[in-house]
Amino acid sequence: DSPPPQEEPEEPGEPEEPEPTAKAFLDMMASAKKPLYEGANISQLDAIAQILSDKCQYSTTRAGFEANLKTFGNMLPEGHCLPKSMHETRKLLGSLNMDYEKIHCCPKGCLLFWKQYADDKYCSLCGASRYHEEPEADGQKKQTKVPVKILRYLPFIKRIQRLYFSEETATQMTWHKKGKRYADEFGRKKMGHPSDGKAWENFDEKHPDKAADARNVRIAIATDGFNPYGMSSASYSCWPVFVIPLNLPPGVLMQRKFIFMSLIIPGPEYPGKNLSVYMQPLVDDLHHSWHNGTWTYDRASKQNFLMRIWYHYSMHDLPGYALFCGWCTAGKWPCPVCR
């Protein structure tokens, strides 16, 4: 029998102008590649990055940092492009920054002081104070401006967008659909990537419109508690939440640079049944990305596309699974698989 006809590869479309976020980032990277001075082997961006790294490592003050910039600038040839102040440095690196949000929480974890509760000073469920209180001379308590508990949220959509700003990682983000698969000696497909699983295939059958574009991103969520003070006597349980894009090839999928911290849930107690309260910002972004998408520039195809992101898997130990999924792992049927 003759082999089945091969499908012709899709022809790439005409190159497009990057969307505003990508354009600002790419323009900044292009300008920062210029040498620090004529004939230099180091670029402007590399020089600034090294000086900032030293500032962070040795806790240099702003005045000390600007003094170093002035000293280095006097040693360089005329016409150098080293900034002269912290303000100029931040302005130059503005397109590289990725913001994060500080969201005040109820001390007991009842709710977040945002959206409809953004202006509240006391929890509407338990009555706890949003801010620390100080006693006054008449015996009354006065609220300060220092919040009792802060949830830190690092939006993951912008961080996943950055993966498409590089041609190498933009190509890797479509591996789950275009990558080479491996089989054992009997011709059976090996389970070497989440896309080889039945859950992945089941999703493709239920949502063919979302699965059609290989650039859409499926993520895994992982969380666990730890004591930031190590083995000291202070008991404190902090819960970071990580977002992992699953489109990447097996060799790079679990590399540290592709695991994005998205939430830092404060302690000192573990979140317990209120974990869903702290997950609200992440869930809101997932909801927005599923229904609306985000315009993203694909450096590999030189085109803009509407990127959609959805939660596909989670990775936890059993205590973390109990909080995240609401399954009692300490009772009669602790195993969620075989019970």
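A nonpolar core is a set of buried Ala, Val, Leu, Ile, Met, Phe, Trp, Tyr and Cys residues joined through side-chain atoms within 4.5 Å. The views below come from a predicted model.

**View 1. The largest nonpolar core has 39 residues.** Five members touch the most other members: Phe156, Ile160, Ile219, Leu282 and Ile309. Another core lies apart from the largest one. That core has 9 residues, including Phe65, Cys81, Leu82 and Met86.

**View 2. Phe156 and its contacts.** Residues up to four places away in sequence are left out here. Phe156 touches Ile219, Val243, Leu282, Leu286 and Ile309. Phe156 also touches Ser262 and Asp285. Phe156 is one of the core members that touch the most others.

**View 3. His312 in strand 10.** The strand covers residues 309–315. His312 has a relative accessibility of 15%, so this residue counts as buried. The cut-off for buried is under 20%. Beyond its neighbours within four places in sequence, His312 is in contact with Ala199, Trp200 and Phe203. Arg218, Ile219 and Leu246 are also in contact with His312. Ile219 appears in View 2 as well, where Phe156 touches it.

**View 4. Helix 2 crosses helix 3.** Helix 2 spans residues 44–57, and helix 3 spans residues 62–75. Their axes come within 11 Å and cross at roughly 145°. The crossing is right-handed. Helix 2 contributes Ile51, Leu52 and Lys55 to the contact. These meet Phe65, Leu69 and Phe72 of helix 3. By class, the contact has 5 nonpolar residues, 1 charged residue and no polar residues. Phe65 is also among the members of the 9-residue core.

Methods:
Residues are numbered from 1 along each chain as its sequence is written. This is a predicted model: local features need pLDDT of at least 70, side-chain atom pairs count only at pLDDT 80 or more; totals for chains, interfaces and linings use all residues. Side-chain values use heavy atoms; hydrogens and water are left out. Buried means under 20% relative accessible area, exposed over 50%, partly exposed in between (1.4 Å probe, protein chains only). Contact means heavy atoms within 4.5 Å. Helices (H or I, at least four residues) and strands (E, at least two) are DSSP runs, numbered from the N terminus. Axes are lines fitted to C-alpha atoms, for helices over the stretch in contact, and angles run from 0 to 180 degrees between N-to-C directions. A crossing is left-handed if the near helix is turned anticlockwise from the far one by less than a right angle, and right-handed if clockwise. Ala, Val, Leu, Ile, Met, Phe, Trp, Tyr, Cys and Pro count as nonpolar, Asp, Glu, Lys and Arg as charged, and the others, Gly among them, as polar.
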